[in-house]
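Reader: I would like a close look at a single part of this model, namely its aromatic ring pairs. Please take them one at a time and say what surrounds them.

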Amino acid sequence: MRKQQFLSSLRHKLSCLPAKDLEERLLFYSDLIDDRTEDGVSQEDAIAEFGDIDALAAKIIADTPLIHLFKETVRPKRRMQAWEIVLLLLGFPLWLPLLIAAFAIVLSLYIALWSVVISLWAVFVVFIGTAAGSIMIGIVQMCVGNVLPGAAIAACGVGLAGLAVLIFFGCREATKGAVKLAAVSVRGIKRCFIKKKEEAQ
């Protein structure tokens, strides 16, 4: 594939992006190809280094900030007519509360997700602190002559430390899951904006 063919194909696959982002990406890959050809690499080999063009386009879209897609989607493509502005203002008492409610629901779900993760880590910290404290108290008790109670307290501390290890792995997996869920949610929202723009074209 030659440079112009590659850039044309990439332009088509990235047509859902805002014009500024699209032109920046095309210029970036055009410069990369030019740099590689100056190093003596053919255009075909330089383009082959990028890998599959569909995967490249998907990665570029995934890396595009959501706010850019949102601005591009909500920006009017033409000047609004007077009657459209009037309808927008008259509908304001209806659409504004709905918009705020939708935003509040999404935000509350996001906060709830991370609250669970933070709570799990807090439990882990409590178990570690309790385990360390119990072991130290147990050792002190054994040193002052209370061997049996001290040994029991130290044993409880060791048991809590073991539970803390298990909780750590659970916390780590919960954090990974929350990060993945957040990433999937952002990708889903991006797809909605991209689909909307593609339908408008």
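Author: Phe6, Phe28, Tyr29 and Phe50 are joined by ring pairs into a cluster. The model is a predicted one, and by the pairing rule applied here the count of aromatic pairs is 9.

Within the cluster, take Tyr29 and Phe50. Their ring centres lie 5.1 Å apart and their planes meet at 85°; an angle over 60 degrees counts as edge-to-face, so this pair is edge-to-face. In sequence the two partners are 21 residues apart, and the contact links distant parts of the chain: Tyr29 belongs to helix α2, while Phe50 sits in the loop between α3 (43–48) and α4. Tyr29 has a relative accessibility of 9% and therefore counts as buried, since the limit for buried is under 20%.

Two residues of the cluster, Phe6 and Tyr29, also appear in the largest nonpolar core. That core has 16 residues, and those touching the most other members are Phe6, Leu10, Leu14, Leu17, Tyr29, Leu56 and Ile60. Three helices, α1 (3–13), α2 (19–38) and α4 (53–63), each supply at least two of the core residues. Helix α4 gives the largest share, with 5 residues.

Another pair is formed by Trp121 and Phe168. The centres of these rings are 5.8 Å apart and the planes stand at 75°, so this pair too is edge-to-face. It links distant parts of the chain, with Trp121 in helix α7 (residues 92–143) and Phe168 in helix α8 (residues 147–200), 47 residues apart. Trp121, at 26% relative accessibility, counts as partly exposed. Phe168 is likewise partly exposed, at 30%.

Helix α7, which carries Trp121, has its own buried residues: Val117, Phe124, Ala131, Ser134 and Gly138. Its 52 residues should span 76 Å at 1.5 Å a residue, and the end C-alpha atoms are 74 Å apart, which agrees. Just after α7, Gly145 has a positive phi of about 110°.

As for confidence, the mean pLDDT of the protein is 83, and 88% of its residues reach 70 or more. Helix α7 has the highest mean, 91, whereas helix α5 (residues 66–74) has the lowest, 62. Where pLDDT is low, the predicted coordinates should not be read in detail.

Terms used. Residues numbered from 1 in each chain as written. Predicted model: local features only at pLDDT ≥ 70, side-chain atom pairs only at ≥ 80, totals over all residues. Heavy atoms only, no water. Core = buried A, V, L, I, M, F, W, Y, C linked by side-chain atoms within 4.5 Å. Buried < 20%, exposed > 50% of the residue type's maximum accessible area, 1.4 Å probe, protein only. Helix = DSSP H or I, 4+ residues; strand = E, 2+ residues; numbered from the N terminus. Phe/Tyr/Trp six-rings, centres within 6.5 Å; stacked < 30°, edge-to-face > 60°. pLDDT = per-residue confidence, 0-100. Expected span 1.5 Å × (residues − 1).
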